[in-house]
Amino acid sequence: MNTLIGHYISGRHITETQHSGPVFNPSTGEEIARCAYGDATVIDTAVKAATSANAKKWAKASHATRLQVLFKLRELMIAKTAELAEIIGREHGKTIADAIGEIGRAIEGIEFACNAPQITKGEYARNVAGDIDVFSVRVPVGVVGCITPFNFPIMIPAVMIAMAVSVGNSIVWKPSEKVPSAALFFAELWKEAGLPDDVFNVVQGDKTAVDALLEHPKIAAVSFVGSTQIGEYVYQKGTSHNKRVAAFTGGKNHMVVMPDADLEAAANAFVSAGFGSASQRCMAVSLLIPVGAETADHLRQRIVEKIKALKVGAYNDPTADFGAVISAQSQQSVLKAIDQCIADGAELVVDGRDFKHPEYANGYYIGPTLFDYLSMDMDFYQQEVFGPARGILRVNSLDEAIAVTNSHEYGNGSVIFTRDGKSAHRFFMEVESGMIGVNVPVPLPVSYFNFGGLRRSKFGESHLYGPDAARFYTKLKSVSQKWPDPEQQDQAISLAFKIT
Ligand code: NAD
């Protein structure tokens with residue numbers, strides 16, 4: 001009998017459920033647990049907790065009180081990194097080293113959330129007119145619904161939730177049903193850190209739980225990270241129910257390499273950022289865009305050597321460079337994309353389709369795969385392929401490289417490798433991407449900068465972290481106040497709309 005991974009509401013684990021779905025270990029292909037799937041009733045129970053008197057006390061707690069909880073949470077995350085990395089690796093398939101890296105970025109997000117008072121403290125103007133002072137205050141929005149993807153079981157939720165909680169909100173979090181256990185581990189850490197029950201709630205599930213969350217009248221804001229198709233749906237449905245929604249979605253990140261670039265550094269960057277985490281990162285480099293045939297040929301030669309040396313393995317194999325993809329379905333869809341790309345006429349340079357793990361024949365593995373001579377009309381170029389298959393699209397000039405990058409539906413991240421400042425400047429000024437790298441592989445900015453794509457990589461005007469996140473999770477009020485001298489009568493009637 002498999003373990004049931006349940007919900008967490010009002011500080012209690014809830015395992016009664018009408019519906020559940022399987023949870024797999026992608027490294028072995030075994031079903032290792034069942035995940036409870038919540039419905040509108042469970043979402044309503046969680047929202048009732050998140051709007052309880054206890055949760056409201058958190059909204060009124062001092063910054064100092066809130067920050068003590070965040071500091072403690074940070075300490076616990078550091079102390080329990082190994083335990084959490086094992087939970088992530090087992091359900092996701094990423095290597096332990098990669099999971100530890102993810103936890104490090106989660107901790108960075110928690111540290112940044114301790115800056116909330118600095119960001120939300122507001123402005124003040126003395127005596128704007130007639131002895132009136134004006135100031136702004138930011139107050140929590142109330143209940144925040146978080147919907148998160150499988151590919152970062154802790155980093156994305158931690159950066160969202162730490163900031164939302166730091167500014168005084170309470171949370172109903174719907175994690176990915178493919179990686180549900182990290183959420184319960186995180187719940188325990190919050191509790192141990194001293195967060196009052198009711199502030200942090202987890203409802204596991206699928207579309208049913210998401211729809212209930214988007215329709216619930218007491219949820220004020222929704223943070224979503226996931227694919228573009230679902231993100232657009234969440235944005236439209238959430239905003240039609242009068243919520244503020246920020247949805248961060250898919251990417252197809254182009255890496256342009258100029259003829260003057262350090263080609264060894266560029267090749268290393270392409271392999272690291274292209275194949276890390278089995279290419280299941282929204283910021284993975286998906287496409288290499290070399291400028292000129294000579295650049296392309298030199299790069300291709302170096303990259304082929306490097307990717308043939310990559311080791312694919314189980315999450316807990318310390319010698320593995322990357323692991324399995326998340327599911328059998330995902331494995332099939334990547335293999336189908338590769339077959340289609342061959343049929344469309346690209347050259348298959350490295351073929352990872354037949355990779356079989358010597359011990360785990362049922363694991364969802366795909367070996368590193370590389371295409372050359374992609375063209376923009378191919379599905380492989382247009383679709384986000386969420387697995388270790390990457391491609392080269394050759395161009396002849398920087399103009400063409402910029403035009404290609406800007407013509408894609410997605411604008412998450414883009415990179416240029418060059419030794420020329422003018423080319424780099426043109427690239428970051430003209431390319432329509434939210435995160436841009438110059439001679440760096442993955443432009444995932446540190447958490448005190450805003451993070452979010454452009455075009456169809458983001459819906460809504462906020463950012464996932466950085467100062468904008470603190471603003472997204474708070475409502476702004478402007479207060480004009482006057483404290484008249486009780487001895488003086490100076491409030492005469494005036495119908496004129498003017499400042500004096
Ligand atoms: P997904 O869109 O399948 O799932 C995201 C969330 O939506 C999950 O919680 C899932 O349960 C829920 N969901 C799935 N189908 C739904 C439906 N029909 N209706 C309502 N909710 C539904 O994404 P995923 O496969 O978990 O994650 C990978 C995707 O996330 C990739 O496209 C990747 O680029 C993207 N991503 C983007 C960023 C970013 O910052 N832009 C970061 C990480 C991942």
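How many bridges pair strand 19 with strand 20, and in which sense do the two strands run? Select residues 413–417, which form strand 19, together with strand 20, bearing in mind that this is a predicted model: the two strands pair in the parallel sense, and four bridges hold the pairing. To find the register, pick Gly413 and look across to strand 20, where its bridge partner is Met435.

**The seven-stranded sheet**

Widening the selection from this pair brings in an open sheet of seven strands, which follow the order 15-16-17-14-13-19-20 and have mixed pairing. Strand 15 (347–350) and strand 20 (435–438) stand at its edges, and because each has a single partner strand, one side of each is left without a neighbour in the sheet. From one strand to the next, the twist averages 20°.

Now add helix 13, residues 328–343, which packs on the sheet and touches strand 15, strand 16 and strand 17, with its direction at about 25° to that of strand 16. Helix 16 (residues 421–430) should come next, since the view then takes in strand 13 (253–257), strand 19 and strand 20, across which helix 16 lies while running at about 170° to strand 19.

**Strand 17 and its two partners**

Select residues 389–392, strand 17, and turn the view to look at each face: Ala389 and Gly391 on one side, and Arg390 and Ile392 on the other, are all buried, and both faces are thus covered. Strand 14 (residues 285–290) runs parallel to strand 17 and is joined to it by two bridges, with Leu288 having Ile392 as its bridge partner. Strand 16 (residues 369–372) also runs parallel to strand 17, here with three bridges, and Phe371 finds its bridge partner in Gly391.

**The three-stranded sheet**

Move next to strands 6, 7 and 23, which form an open sheet in the order 6-7-23 with antiparallel pairing. Strand 6 (124–129) and strand 23 (474–481) are the edge strands, each with a single partner strand, so one side of each has no neighbour in the sheet. The twist in this sheet averages 30° from one strand to the next. Between strand 7 (residues 132–140) and strand 23, which run antiparallel, there are eight bridges, and a useful landmark is Asp133, which stands opposite Gln481 of strand 23.

**Helix 7**

Select residues 155–166 for helix 7, whose 12 residues reach 16 Å from the first C-alpha to the last, close to the 16 Å expected at 1.5 Å a residue. Of these 12 residues, 12 are buried, so the helix is largely enclosed by the rest of the structure. Among the buried residues are Met155, Pro157, Met160 and Ser166. Just after the helix, Gly168 is worth a stop, as it takes a positive phi of about 110°.

**Helices 9 and 10**

Finish with helix 9 (residues 207–215) and helix 10 (residues 228–240), whose axes come within 8 Å and cross at roughly 35°; the crossing is right-handed. On the helix 9 side, show Lys207, Val210, Asp211, Leu214 and Glu215, which meet Tyr233, Val234, Lys237 and Gly238 of helix 10. The residues of this contact divide into four nonpolar, one polar and four charged. Within helix 9, the residues from Ala209 through Val210, Asp211, Ala212 and Leu213 to Leu214 are buried, and what covers the buried residues of this helix includes helix 1 (40–50), strand 8 (143–147), strand 9 (170–174), strand 11 (219–225) and helix 10.

Key: Residues numbered from 1 in each chain as written. Predicted model: local features only at pLDDT ≥ 70, side-chain atom pairs only at ≥ 80, totals over all residues. Heavy atoms only, no water. Pairing = 2+ DSSP bridges. Axes fitted to C-alpha atoms, helices over the stretch in contact; angles between N-to-C directions. Left-handed = near helix turned anticlockwise from the far one by under 90°. Contact = heavy atoms within 4.5 Å. Nonpolar A, V, L, I, M, F, W, Y, C, P; charged D, E, K, R; others polar. Buried < 20%, exposed > 50% of the residue type's maximum accessible area, 1.4 Å probe, protein only. Expected span 1.5 Å × (residues − 1).
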